[in-house]
Amino acid sequence: MVAEKEETTKSLVFTYGTLKRGFSNHTLMQDLIRTGDATFVSTCRTAENYPLVCGPYQVPFLLNMAGSGQPVTGELYAVSASGLARLDELEGTTKGHYERLSITVELDNGDGGSCGGEGVTCAEAYYAHGSYAAEMWKRNGMKGLTVYSEKEAKGYVKRKDRPHNLTFLDHIQRFLHSQD
């Protein structure tokens with residue numbers, strides 16, 4: 001009988017919105033931590049400027065437009081493959097809501113370096129899907145946040161409390177084309 005190999009490889013994931021401590025979807029991260037599928041690494045910020053904006057229902061979106069926006073503050077977690085599958089499901093990666101792509105972050109320990117060096121880390125983040133990211137930036141007046149805070153989260157509407165007759169992409173399209 002061959003013993004199963006314990007899963008040890010973990011990916012680093014940068015969280016910037018509702019998955020952070022104190023926000024509504026952090027319960028998923030807590031579940032992953034409880035099962036050994038995630039560990040908190042550090043608070044951090046993006047090494048480059050990125051737009052962080054809010055969309056429908058005050059849902060936060062990091063836009064894959066390096067050089068625009070500002071450095072974004074968030075949290076870094078080491079997540080197992082099964083944990084990533086659960087995060088992918090929440091983020092709707094197979095539905096075109098978000099896409100998980102690489103990002104470079106600076107850990108709050110203040111050390112300098114290049115990707116792979118001390119203080120700067122290659123990770124992954126959930127970006128707004130490229131099919132609507134540029135429109136989302138324009139809809140927000142090409143102004144982004146440095147942090148998704150309690151102020152923005154105050155208007156956040158949980159998925160279970162949103163109208164169910166439309167898909168999330170429908171809600172995004174309505175938001176992008178509204179005049180408010």
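Glutamine 58 is partly exposed in the predicted model, with a relative accessible area of 27%. Glutamine 58 belongs to the loop that connects β3 and β4, and its phi is positive, about 60°, although the residue is not a glycine. Tyrosine 57 is found in the loop between β3 (52-54) and β4 (60-62). Tyrosine 57 likewise is not a glycine and has a positive phi of about 60°. The relative accessible area of tyrosine 57 is 24%, so this residue counts as partly exposed, the range for that class being from 20% to 50%.

The mean pLDDT of the protein chain is 90, and 89% of the residues reach 70 or more. Over residues 1-6 the pLDDT is below 50, and this stretch makes zero contacts beyond near neighbours in sequence. Residues 111-117 also have a pLDDT below 50; beyond near neighbours in sequence, the stretch 111-117 has 12 contacts in the model.

The largest nonpolar core comprises 45 residues. Those with the most contacts inside this core are Phe14, Phe61, Leu62, Leu87, Ile103 and Met136. Strand β7 (residues 120-128) supplies the largest share of the core, with five residues.

Helix α2 spans residues 81-91, and its buried residues include Gly83, Leu84, Leu87, Asp88, Leu90 and Glu91. These residues lie on the same side of α2, because they cover an arc of only 160° around the axis. Leu87 of this buried set is also among the residues with the most contacts inside the largest nonpolar core. Just after α2, glycine 92 adopts a positive phi of about 65°.

Histidine 97 is located further along, in the loop between α2 and β6 (98-107). Its relative accessibility is 11%, and histidine 97 therefore counts as buried, the limit for this class being under 20%. When residues up to four places away in sequence are not counted, histidine 97 touches Glu91, Gly92, Tyr127, Ala128, His129, Tyr132, Phe168 and Leu169.

The largest pocket has a volume of about 330 Å³. Its lining is made up of 22 residues, of which Thr18, Asn25, Leu90, Glu91 and Tyr156 are the closest to the pocket centre. The elements that give two or more residues to this lining are β1 (11-15) and α2. Of the elements, β1 gives the most, with three residues. Leu90 and Glu91, among the residues closest to the pocket centre, are also among the buried residues of α2. Glu91 is, in addition, one of the residues touched by histidine 97.

Technical notes. Residues are numbered from 1 along each chain as its sequence is written. This is a predicted model: local features need pLDDT of at least 70, side-chain atom pairs count only at pLDDT 80 or more; totals for chains, interfaces and linings use all residues. Side-chain values use heavy atoms; hydrogens and water are left out. A nonpolar core is a set of buried Ala, Val, Leu, Ile, Met, Phe, Trp, Tyr and Cys residues joined through side-chain atoms within 4.5 Å. Buried means under 20% relative accessible area, exposed over 50%, partly exposed in between (1.4 Å probe, protein chains only). Helices (H or I, at least four residues) and strands (E, at least two) are DSSP runs, numbered from the N terminus. pLDDT is the predictor's confidence in each residue, from 0 to 100. Contact means heavy atoms within 4.5 Å. The arc is that of the directions from the helix axis to the C-beta atoms. On a 1 Å grid over the protein atoms alone, a cavity is a set of points where a 1.4 Å probe fits but cannot get out, and a pocket is an open set with protein on both sides within 12 Å along at least five of seven lines; lining residues have an atom within 4 Å of a point. Grid points are joined across faces, edges and corners, and a volume is the space filled by probe spheres set on the points.
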